[in-house]
Amino acid sequence: ATTLGDALLALTERSVNTYVDAAWSLDTDVPGARSRLSGQQLMLAEALTKNAALFAKNLVEGDVLLEMISIFEANHETLLFGNDLQGQDYIQPTTEEAHDNQMTLVYAVWSEFKILLEALVSDGYSGISQMLEIKEKLYPLKVHLVAANALYSVMTQTDMIPVNLMLPLPLTGSWNPGPTMKIAVDVAVDIINYQQSLLPGYELIVDVFDDECDGDSATRAMLEKYASSDQWVGVGGM
């Protein structure tokens, strides 16, 4: 029989499919299929936990769990290596280092989760502690799946246009808060480059150098930087 959870899952999948269709119609570069599949992995992990509990009560067959495990692993492979589909269903192979690292974390936790599920099917239900252990393993898996989905839901710019900026800061001198200021600059640059909302298609590249908290030193250092390249777009500073 169809449960409320199954109905909600089906409704969620339809909503996601509608989103992917709409996103594709607006921009064919939107990674809708990747985002959808990575989101399905999270729902699948939760559904596995629910069905494990139903299996313990003899309400579902073990084959249901084993099939869902196979689907999860097939989806994981597709996210890593892509598929052969066309159009909005095409999923490109994972080439981004951050995505690949996160998927490694996902699979490490998933492997522990899967062992517990397979033991449940092969050896049978042994007690409440068994179900609690499965539930405990679900939490770190969900954490890593959410992080993976956040990565796969964002467009990855592979050919961004560099914006080279010079940034003199008082790293040394009579007043030298430059190191702390540089931390703030690095964080801001990372956010701007990652989110791609303020300057979509562009990558800020900031060259920080010491102005020694002195006007003459700052001018000399800036002129040396300026003479070393013709790629500068601007100068920052206080």
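Two strands are said to pair if DSSP finds at least two bridges between them, and with that idea in hand you can begin a walk through one sheet of this predicted model.

Start by selecting residues 161-169, which form strand S1, and then add strand S2, residues 202-210. Nine bridges join S1 to S2, and the two strands run parallel. To look at one of these places in detail, pick Pro-168 and find its bridge partner in S2, which is Phe-209. If you now follow the chain from S1, you will pass through helix H6 before arriving at S2, and this β-α-β crossover is right-handed.

Next, select strand S3, residues 232-235. Three bridges join S1 to S3, and here too the strands run parallel. Click on Leu-165, and you will find Gly-234 of S3 standing opposite.

With the three strands shown together, you have an open sheet in the order S2-S1-S3, with parallel pairing. Strands S2 and S3 are the edge strands, since each of them pairs on one side only. Turn the view slowly and you may notice the twist between neighbouring strands, which are turned by 30 degrees against each other on average, direction ignored.

Finally, bring in the helices. Select residues 178-195 to show helix H6, which packs on the sheet and touches S1 and S2, its direction making about 170 degrees with that of S2. Then select residues 215-228 for helix H7, which lies across S1, S2 and S3 and runs at about 135 degrees to S2.

Note on methods: Residues are numbered from 1 along each chain as its sequence is written. This is a predicted model: local features need pLDDT of at least 70, side-chain atom pairs count only at pLDDT 80 or more; totals for chains, interfaces and linings use all residues. Side-chain values use heavy atoms; hydrogens and water are left out. Helices (H or I, at least four residues) and strands (E, at least two) are DSSP runs, numbered from the N terminus. Axes are lines fitted to C-alpha atoms, for helices over the stretch in contact, and angles run from 0 to 180 degrees between N-to-C directions. Contact means heavy atoms within 4.5 Å. A crossover is right-handed if, with the strands pointing away from the viewer, the path from the first strand over the helix to the second runs clockwise.
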